[in-house]
Amino acid sequence: MAIHVSPVDERDNTWEDGSPRFRVYLHGSEDDSTRGWTDTYDVTGADILQVIDWAQRQAGDTLTYAVALVSHDPHQERRCTRPGLIWLVGMDGNDVTINDHEDDVQRRMLARRAAPVGVPAVDRMPARVPDPYNDGTRRR
């Protein structure tokens, strides 16, 4: 999948949501594969940088992670009561890749174990939130 950047009119959207719900997938991945067990968490009250910071701290250098935006299509609300996901970072680690783009996404997920995304201190998740993989509640 080629990357495209295009100018747009910022007024072309019809709705906004100032209270996003993010879904974090933590995968008990193998050395060369994102496949494995999965723990899933919903995060609200945070922005994407805080969520990435939290996911990386949970994943450490052994797990892989993915972050999605949980969304209800406002035009489908009456017909579909289950939410959908918009992948923001990574993808479901247990999905079988079907093209070069998805191969690249999973390769980058694996690489982030050794080279995490840099998140400035001001954008990190506050210390008061649950920290299951670092407080002894869960094991990697």
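## Helix α2 and the salt bridges

Helix α2 covers residues 100–111, and because a rise of 1.5 Å a residue over its 12 residues should give a span of 16 Å, the 16 Å between its end C-alpha atoms agrees with expectation. The expected span is taken as 1.5 Å times one less than the number of residues in the helix, while helices (H or I, at least four residues) and strands (E, at least two) are DSSP runs numbered from the N terminus.

This is a predicted model, in which local features need pLDDT of at least 70 and side-chain atom pairs count only at pLDDT 80 or more, whereas totals for chains, interfaces and linings use all residues. Residues are numbered from 1 along each chain as its sequence is written, and side-chain values use heavy atoms, with hydrogens and water left out.

The buried residues of α2 are Glu102, Val105, Gln106, Met109 and Leu110. Seen down the axis of α2, these buried residues fall within an arc of 140°, so they line one face of the helix; the arc is that of the directions from the helix axis to the C-beta atoms. Buried here means under 20% relative accessible area, exposed means over 50%, and partly exposed lies in between (1.4 Å probe, protein chains only). The cover over the buried residues of α2 includes strands β1 (21–27) and β3 (64–71), where contact means heavy atoms within 4.5 Å. At the start of α2, a side-chain oxygen of asparagine 99 comes to within 3.1 Å of the backbone nitrogen of histidine 101.

The structure holds eight salt bridges, each being a side-chain nitrogen of Lys or Arg within 4 Å of a carboxyl oxygen of Asp or Glu. Among them are these:

| Salt bridge | N to O distance |
|---|---|
| Arginine 11 and aspartate 9 | 2.8 Å |
| Aspartate 42 and arginine 21 | 2.7 Å |
| Aspartate 42 and arginine 23 | 2.6 Å |

Aspartate 42 lies in strand β2 and arginine 23 in strand β1, so their salt bridge ties together parts that are 19 residues apart in sequence. Salt bridges that share partners join Arg21, Arg23 and Asp42 into one network. Within this network, aspartate 42 is partly exposed at a relative accessible area of 37%, arginine 21 is likewise partly exposed at 27%, and arginine 23 is buried at 18%. In the salt bridge between arginine 11 and aspartate 9, arginine 11 counts as exposed at 64% relative accessibility, whereas aspartate 9, at 34%, counts as partly exposed.

Methods
A polar contact is a pair of N or O atoms within 3.5 Å; within protein, one must be able to donate a hydrogen and the other to accept it, and residues adjacent in sequence count only if both atoms are side-chain atoms.
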